[in-house]
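I opened the structure and kept short notes on what I looked up. The entries follow in the order I made them.

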Amino acid sequence: MSNTEKAAETRSFDGNVDEIAGLKTQFDVFRFMKRIGEQYDCRTFLVMTLPAATSLDLSSNSVITNWPAEMIAHFDREGLMKTSPVIRRLRNSTLPFTFDLDAVTVERRGPLVRGIFGRFGVVRGAYFPVHDMSGNRGAVSFAGSGPVFDRQQMMELMYIAVHVFERLAEIRNLDVKPADTLTDREIDCLNWTAAGKTSAEIAEILGLSEHTVNHYLNRAAKKLDTVNRTQAVAKALRVGLIK
């Protein structure tokens, strides 16, 4: 790589880091992370809180992600959180690490794991342990089907991960109280969604049309500054709107 190309990459990285402080909403962070993933030849990203030892699903611990909803649902349905070596390593270490599906062992239900993630092109990538100003631990992941990150890329992505996780914590602290803006019907729909009900089932329970239920859930997601109902439920649980 020429000196000119190196200088251009440095300016690009510096610009990315400088941009983080100006992100105002969770959706701004979502778009930023999507672009960062593309710059590093990644298909997906995930920002998550570190699951408690009793936690059984990934969806409720995801802060923002562009993982396909079907992939997350399959992961949770198979109960892979309980035996995940990634989660175990995140709990026991604060060092970033790479992963490769080809290295998944038989003991880890290898064929199933490779089938779930490989189907969506999530073959290799890295996890970056992080924490926010309150000491809450989490992780940021970038993954795809490209080559394993080199040392320079790992350092750059670690730096970005730390700043993004901190910025998301700041954005949460600046949020107005969602309870002041969500209606009773929106909270009802979030509660039933958290209980695993589909829009059609919620409609029958509440005596509404499925279209109306989807409208309430979409409006709740927008008010909570999230990008879909799964993230809306996770945030509503986190801020105490639903139990």
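**Entry 1: the nonpolar cores.** I looked up the largest nonpolar core, which has 30 residues. I noted that M33, V47, F142, I160 and V164 touch the most other members of this core. The model I am reading is a predicted one. Next I listed the elements that give two or more residues to this core: α1 (3–20), α2 (26–39), β1, β2, β4 (124–131), β5 (137–144) and α6 (151–174). Which of them gives the most? I found that α6 does, with 9 residues.

I then picked V164 and looked up its contacts. Leaving aside neighbours within four places in sequence, V164 is in contact with I20, V29, F32, M33 and V47. Apart from this core lies another one, of 23 residues. I wrote down F99, V113, F117 and Y127 as being among its members. As a general remark, nonpolar side chains in soluble globular proteins tend to be buried together.

**Entry 2: T44.** I found T44 in strand β1, which covers residues 44–49. Is T44 buried or exposed? Its relative accessibility is 4%, so I put it down as buried, since buried means under 20%. Without counting neighbours within four places in sequence, I listed N66, W67, V122, S141, F142 and A143 as the contacts of T44.

**Entry 3: F30.** I located F30 in helix α2. F30 has a relative accessibility of 13% and therefore counts as buried too. I asked which residues F30 touches, not counting those up to four places away in sequence. The list is F45, I64, T65, N66 and V227. For N66 I also looked up the separation from F30: 36 residues in sequence, but 8.1 Å in space from C-alpha to C-alpha.

**Entry 4: M133.** I moved to the loop between β4 and β5, where M133 is found. M133 has a relative accessible area of 47%, so I noted it as partly exposed; the range for that term runs from 20% to 50%. Not counting residues up to four places away in sequence, M133 touches E166, A169, E170 and N173. I also checked M133 against W67: the two are 66 residues apart in sequence and 26 Å apart in space, C-alpha to C-alpha.

**Entry 5: helix α10.** I went through α10, residues 229–238, and marked Q231, A232, V233, A234, K235 and A236 as buried. What covers these buried residues? I found that the cover includes β2 (62–65), α7 (184–194) and α9 (210–223).

I looked at both ends of the helix. At the start of α10, a side-chain oxygen of N228 reaches to within 3.1 Å of the backbone nitrogen of T230. After α10 comes G240, with a positive phi near 85°.

**Entry 6: α7 against α10.** How do the axes of α7 and α10 cross? They come within 10 Å and cross at roughly 100°. I therefore recorded α7 and α10 as roughly perpendicular to each other, because angles of 65 to 115 degrees count as such. On the α7 side, L190, T193 and A194 make the contact, and on the α10 side they meet R229, A232, V233 and A236. I sorted the residues of this contact by type and got 5 nonpolar, 1 polar and 1 charged.

How values were computed
Residues are numbered from 1 along each chain as its sequence is written. This is a predicted model: local features need pLDDT of at least 70, side-chain atom pairs count only at pLDDT 80 or more; totals for chains, interfaces and linings use all residues. Side-chain values use heavy atoms; hydrogens and water are left out. Buried means under 20% relative accessible area, exposed over 50%, partly exposed in between (1.4 Å probe, protein chains only). Helices (H or I, at least four residues) and strands (E, at least two) are DSSP runs, numbered from the N terminus. Contact means heavy atoms within 4.5 Å. A polar contact is a pair of N or O atoms within 3.5 Å; within protein, one must be able to donate a hydrogen and the other to accept it, and residues adjacent in sequence count only if both atoms are side-chain atoms. A nonpolar core is a set of buried Ala, Val, Leu, Ile, Met, Phe, Trp, Tyr and Cys residues joined through side-chain atoms within 4.5 Å. Axes are lines fitted to C-alpha atoms, for helices over the stretch in contact, and angles run from 0 to 180 degrees between N-to-C directions. Angles under 35 degrees count as roughly parallel, over 145 as roughly antiparallel, 65 to 115 as roughly perpendicular and the rest as oblique. Ala, Val, Leu, Ile, Met, Phe, Trp, Tyr, Cys and Pro count as nonpolar, Asp, Glu, Lys and Arg as charged, and the others, Gly among them, as polar.
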